[in-house]
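Colleague: I've got this model open and I'd like a close look at a single part of it. Could you pick one helix, walk me through its surroundings, and then carry on to whatever helps place it?

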Amino acid sequence: MNRKKVSRFLLVMLMVCATLQIGAISYSSAAKQLNGSINETSENQKIEDIEISQEILNFIKDADPGDYGTNVTNYKKALIELGIQPRFKSEIERLIKEGHSLPDLLIAYEFLYNNFGKMEELEILSNKKQSGKSWSKIFATYQSENGEFIPNSFDPQYLQDLMREEYITPDDIMIADRIAYKLGLEHKDIISYRFDGIEWKKINEDLGILNSQSELPRVKVTEEQLDKLTNQYNLSEEEIIEALVIAERIDKDSKEIIEKIKSGYSEVEILAECYQEKYY
């Protein structure tokens, strides 16, 4: 694969915000280097190990006595699953004490997490929900106001130089691009934090970006599977890929999400419905 194709390959990965790996295609060694390997990591935390102050527990209980246990469990799960950093945990709890709904904060947080949102946007989205707006409209407005993420057209030499750095992976390049876009900074200014081996969880906490991932989620599908799904549901490849990426992001069965896409659901409508099922 030549330099131009390597650059385009990375660009596609950036556009879908996940890695679509087509198993039936044989990539050259350059593309394989970009794909890298998926190393699943876990902090091995358990719900019973998560500590929440009695003060915050009291606020959660007073706000909704009937769903107290469920809300506390969901909060602890979110702290683990989303790897919520101490700075952001403190922000959530500040808002809880100010009367914000915990389920709404968790919905807003997870949405912002997947969009590399800023910490201050958590209160903004929660305020909009408190004003009576629906989550689907809130999400749609957010996407409209923030614009569509446009990946960098990286110079091939720049990519190759980055891949020679000790700590840099393809995920690092993509994550840095998302953060640079969100903060209006140059890619090199963000990726440079990784040169010293600092983890994204710490980098994002310092930058105020609500995300803790060091690797982006992968969606694996063969060409044969993709063809089968497009024919079965009479949808385009782009629509099937969108459904698979959404399903992976929110941990839902892909067929359920494909059916929603086929029924005319938009991405924000799917997210709003699934997040509400999860946290309400």
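Modeller: Sure, let's start with α12, whose buried residues pack against α5, α10 and α11 (187–191). Keep in mind that this is a predicted model. Helix α12 itself covers residues 200–207, and its buried residues are Trp200, Ile203, Asn204 and Glu205. Right after α12 comes glycine 208, which has a positive phi, near 80 degrees.

One of the partners of α12 is α5, and α5 (86–97) turns up again in the packing of α3. The buried residues of α3 also pack against α4 (68–81) and α6 (102–114). Helix α3 spans residues 54–63, with Ile56, Leu57 and Ile60 buried. Looking down the axis of α3, you'll find those buried residues within an arc of 100 degrees, so they line one face of the helix. There's a simple bit of geometry behind that kind of pattern: an α-helix has 3.6 residues a turn, so residues three or four places apart point the same way. On the face of α3 turned away from the buried side sit Gln54 and Asp62, both exposed.

Back to α12 for a moment: α10 is another of its packing partners. The loop between α9 (156–163) and α10 (170–183) is where you'll find glutamate 166. With a relative accessible area of 67%, glutamate 166 is exposed, because that value is over the 50% cut-off. Glutamate 166 is 30 residues from aspartate 196 in sequence, while their C-alpha atoms are 8.9 Å apart in space.

For a helix pair, have a look at α15 (residues 254–262) and α16 (residues 267–279). Their axes come within 10 Å and cross at roughly 135 degrees, so α15 and α16 are oblique to each other. The crossing of the two is right-handed. On the α15 side, the contact is made by Ile257, Lys260 and Ile261, and on the α16 side by Ile270, Glu273 and Cys274. Sorted by type, the residues of that contact come to four nonpolar, two charged and no polar.

Zooming out, the protein has 16 helices and two strands. Of its 280 residues, 44% are buried. As for contacts with a separation of 6 or more, 68% of them are between residues 24 or more positions apart.

Methods
Residues are numbered from 1 along each chain as its sequence is written. This is a predicted model: local features need pLDDT of at least 70, side-chain atom pairs count only at pLDDT 80 or more; totals for chains, interfaces and linings use all residues. Side-chain values use heavy atoms; hydrogens and water are left out. Buried means under 20% relative accessible area, exposed over 50%, partly exposed in between (1.4 Å probe, protein chains only). Helices (H or I, at least four residues) and strands (E, at least two) are DSSP runs, numbered from the N terminus. The arc is that of the directions from the helix axis to the C-beta atoms. Contact means heavy atoms within 4.5 Å. Axes are lines fitted to C-alpha atoms, for helices over the stretch in contact, and angles run from 0 to 180 degrees between N-to-C directions. Angles under 35 degrees count as roughly parallel, over 145 as roughly antiparallel, 65 to 115 as roughly perpendicular and the rest as oblique. A crossing is left-handed if the near helix is turned anticlockwise from the far one by less than a right angle, and right-handed if clockwise. Ala, Val, Leu, Ile, Met, Phe, Trp, Tyr, Cys and Pro count as nonpolar, Asp, Glu, Lys and Arg as charged, and the others, Gly among them, as polar.
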